[in-house]
Amino acid sequence: MGRVLTSPIPPINTKGYENLMENAASDSFDLYSGLFMYDKNAMEELERLDLAFEALKKELFGHLHDLTAPSSDAIKSQNN
């Protein structure tokens, strides 16, 4: 996760993000490769991570739709 999040570094971040970067950004690719190669649960964890990202994207896009879609009151006033 840390390797993905550090490229590029966002212009706005939080203390939690900075802490994550301190803890994970300097980990080597060899570490991640080893964890993937020798952890029998790696594929399941990757799948769960993918599902979590998809759920987060759906939730974020749902909120975006709520902000950009006209409200039912606005539609009623346009029709009158």
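Of the 80 residues in the chain, 6% count as buried, a label for under 20% relative accessible area, with exposed meaning over 50% and partly exposed the range in between (1.4 Å probe, protein chains only). The model is a predicted one, in which local features need pLDDT of at least 70 and side-chain atom pairs count only at pLDDT 80 or more, while totals for chains, interfaces and linings use all residues. Residues are numbered from 1 along each chain as its sequence is written, and side-chain values use heavy atoms, with hydrogens and water left out.

The chain holds 5 helices and 0 strands, helices being DSSP runs of H or I with at least four residues and strands E runs of at least two, numbered from the N terminus. Its accessible surface comes to about 7,100 Å², 60% of it from carbon and sulfur atoms (Shrake-Rupley method, 1.4 Å probe; for residues, only the protein chains shown count as cover).

A nonpolar patch on the surface offers about 970 Å² of accessible area, with Phe36, Tyr38, Leu46 and Phe53 among its members. Patch residues have over 30% relative accessible area and no salt bridge; like charges are joined within 9 Å, and nonpolar side chains (Val, Leu, Ile, Met, Phe, Trp, Tyr) within 5 Å. Helix α4 gives the largest share, 6 residues. Tyr38, from α3, counts as exposed because its relative accessibility is 73%.

There are 2 salt bridges, each a side-chain nitrogen of Lys or Arg within 4 Å of a carboxyl oxygen of Asp or Glu. Glu45 pairs with Arg48 at 3.0 Å between the closest N and O atoms, and Lys57 with Glu54 at 3.2 Å. Glu45 and Arg48 lie 3 residues apart in α4, about one turn of the helix.
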